[in-house]
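Let's take a walk through this structure together, one region at a time. Please keep the sequence and the 3D view open side by side as you read.

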Amino acid sequence: MAILANKDTRLLVQGMGRMGQFHAKLSIEYGTQVVGGVHPGKGGTNIEGIPCFETVEEAVEKTGANASVIFVPPPGAADAILEAVDAGLDLTACITEGIPAIDMAKAKRAMLGKKTRLVGPNCPGVVVPEQCRIGIMPAQITKPGPVGVVSRSGTLTYEAVDQLSRLGIGQSTCLGIGGDPVIGTSFVDALALFEADGETEAVVMIGEIGGSAEEEAAQFVKEHMSKPVAAFIAGQNAPKGKRMGHAGAIIAGGKGAASDKMAALEAAGVAVSKSPATIGETLAKHAGLR
Amino acid sequence: MNVHEYQAKELFREYGVAVPAGELATTPAEAEAAAKKLGTPVTVVKAQVHAGGRGKGGGVKLAKSPAEALQHASDILGMTLVTHQTGPEGKLVRKVYVEAGSDISRELYLALTLDRGTEEFAIIASTEGGMDIEEVAEKTPERIHTEFIDPNVGLCGYQIKKVARALELDPPQTKKLEKFLRGLFRMYLEKDASLVEINPLVVTVDGDLLALDGKLNFDDNALFRQPDIAELRDPDEEDERERAANEIDLAYVGLDGNVGCMVNGAGLAMATLDMIAVCGGSPANFLDAGGGADKEKVKEAFKLILRDENVKAILVNIFGGIVRCDLIAEGVVAAADELSIGVPLVVRLQGTNAAEGREILAQSGLNITAAETLGEAGERVVAAAQGA
């Protein structure tokens, strides 16, 4: 089962520049059905065996695509998201980093009531081990199995997945939701999907400082989750008022500190790993897996 | 990105948001001339630095004559202003803003920002102006009114009336608030602001509404389409190392420990600081080399880390997704060749082309401690820093 994608996912690449082409190729090698690309001025051409189109609408008509991954640069990225929504895709994952916040706020609001699920932006995408790779994750470190992984960070997702795989624990789906202030899929959305997924038995959640998404996730776990959840929060040693790389990772006005988030999660019955080196072990112990 | 109060007020004026008359001065003589030109019985001489709490730190003074303005300006210019936001090292004052004094009847608070929870714009208004708003929120939350604005609808007339009611304004003042808020909201959108804070917003004895202070932040992600705003950047106000990092597209934040680190990805970089702390060490910096890290960037990153004399050991922690570990390894070797890195180096490479990267390091003959897992990397670099 897995969430969001599977071996039948038919993927478009929006933005067939250098990055888009490179990762399209890796996704195809992983076994993903990359059915088309969308890039201005490249309609009608064929790049590395991938047919290209001018618009998502046309690409969907001609290929039957139901998902897309977006590599379009920041000035046009919100537009690309809305184009994917307009074309009625089930899923779009936006990898682009650096989209203006106002553009995202408008785009997110315009998506209300539409069927498309957005993952990201500023995220590594989605991997369903041995089935589908959407985005930029090093899929070779994943391994099929029962644990859902959801994270606000990119490389820290890989760290968590790697720890699980080394312990022999596989993943149902690995998902990076992105580090921006306005994102399509929240922790709560991802947790709800994992709770409903027959294949997922436990969840690893990787949060970070800033905002209150982890506190909301804790509330959701307490009220709605039957599956065990383990977590790690990055930024326990971050200074206040400094933006730590991600636009969303800032402790502002005394809010968003790691300690508050860890306490909220623990109170909700989540096993919180204090060290980033023991995320896998914490989950294994808490969920009785190994 | 932050701007100075005088720059914020210039933008306010451009959008019809009422502010007192004022002039920028960089010398005491200019301040005197400005006070003369303003011609009001009282002027206010205000230090221009990117930090709040300037009044308490002695950076804001009332002058009853141009001569007094000159005196205050000579006191303030060149002083190192320490406030709760500058840190103990304080900030050197290079400019003052000389502003016409206002006859204040009431002090209010007004802010506009993007609320992450609702993903809508939020106007935050309070009758408790001139105070620390976080304190107001804690002690008297009922005195704070928040009005959420749908990003695709914009500011509605009824919302302005609700804000006016929360601020206890009379009908003529409400009319003034309408112009004020509409201008502010238009500026926020057109200039890609991320925060406007006016504390205090004052009602004068004559019933006018004036922004007495102005804090304005802009969305760094939108600067590509805001060349005029990008021009307002004041390099003097930025941490020198952070600025240097920025110029080469690295995210760097200086900390006070002795373990330098270079990591790819913000989340993993934060987790690396946490790892060092768990192992009993103390990180010297946060450094996210980003997705485009290559040989040249790695070298620049090393230079940046080594500028901090407290650094006793360096950890390179790379989990390659987009980033290729072999390119990172080449960068480490090149940096070690050119920069004479005099501190122990611990390198952990995982993910894309990690095996090739480790091979390059092993072949280099450099004295590098390799680590396989994050835990090992943390223990080894902390041990190295403590041994040194």
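**A guided walk through two chains**

Ala268(A) is buried, with a relative accessible area of 13%; buried here means under 20% relative accessible area, exposed over 50% and partly exposed in between, with a 1.4 Å probe and protein chains only. This is a predicted model, in which local features need pLDDT of at least 70 and side-chain atom pairs count only at pLDDT 80 or more, while totals for chains, interfaces and linings use all residues. Residues are numbered from 1 along each chain as its sequence is written, chains are lettered from A and ligands numbered from 1 in the order in which they are written, and side-chain values use heavy atoms, with hydrogens and water left out.

Ala268(A) sits in the loop between α8 and β14 of chain A; helices (H or I, at least four residues) and strands (E, at least two) are DSSP runs, numbered from the N terminus. Setting aside neighbours within four places in sequence, Ala268(A) is in contact with Ala218(A), Val221(A) and Lys222(A), where contact means heavy atoms within 4.5 Å. Its C-alpha atom is separated by 40 Å from that of Val34(A), 234 residues apart along the chain.

Now step back to the helix itself. Helix α8 (residues 258–267) of chain A has Ala258(A), Lys261(A), Met262(A) and Leu265(A) as its buried residues. Seen down the axis of α8(A), these fall within an arc of 100°, so they line one face of the helix; the arc is that of the directions from the helix axis to the C-beta atoms. An α-helix has 3.6 residues a turn, so residues three or four places apart point the same way. The partners of the buried residues of α8(A) are β12 (202–208), α7, β13 (229–234) and β14 (271–272) of chain A. After α8(A) comes Gly269(A), with a positive phi near 90°.

Next, look at the loop between β7 (117–119) and β8 (125–128) of chain A, where Asn122(A) lies. At 12% relative accessibility, Asn122(A) counts as buried. Beyond neighbours within four places in sequence, Asn122(A) has contacts that include Cys94(A), Glu97(A), Asp180(A) and His246(A). Pro121(A) lies in the loop between β7 and β8 too, and a cis peptide bond with omega of about 10° joins Gly120(A) to Pro121(A).

Chain B offers a cis bond as well: the one from Asn199(B) to Pro200(B), with omega near 10°. Pro200(B) belongs to strand β10 (residues 193–204) of chain B. In the loop between α6 (171–190) and β10 of chain B you will find Asp192(B), which has a positive phi of about 55° although it is not a glycine. At 2% relative accessibility, Asp192(B) is buried. Most residues other than glycine have a negative phi, and most peptide bonds are trans.

Which residue of strand β2 (residues 43–47) of chain B is worth a visit? Try Lys46(B), found in that strand. Lys46(B) counts as buried at 7% relative accessibility. Not counting residues up to four places away in sequence, Lys46(B) touches ten residues, among them Glu5(B), Lys9(B), Arg54(B), Tyr97(B) and Leu212(B). The C-alpha atoms of Lys46(B) and Gly22(B), 24 residues apart along the chain, are separated by 10 Å.
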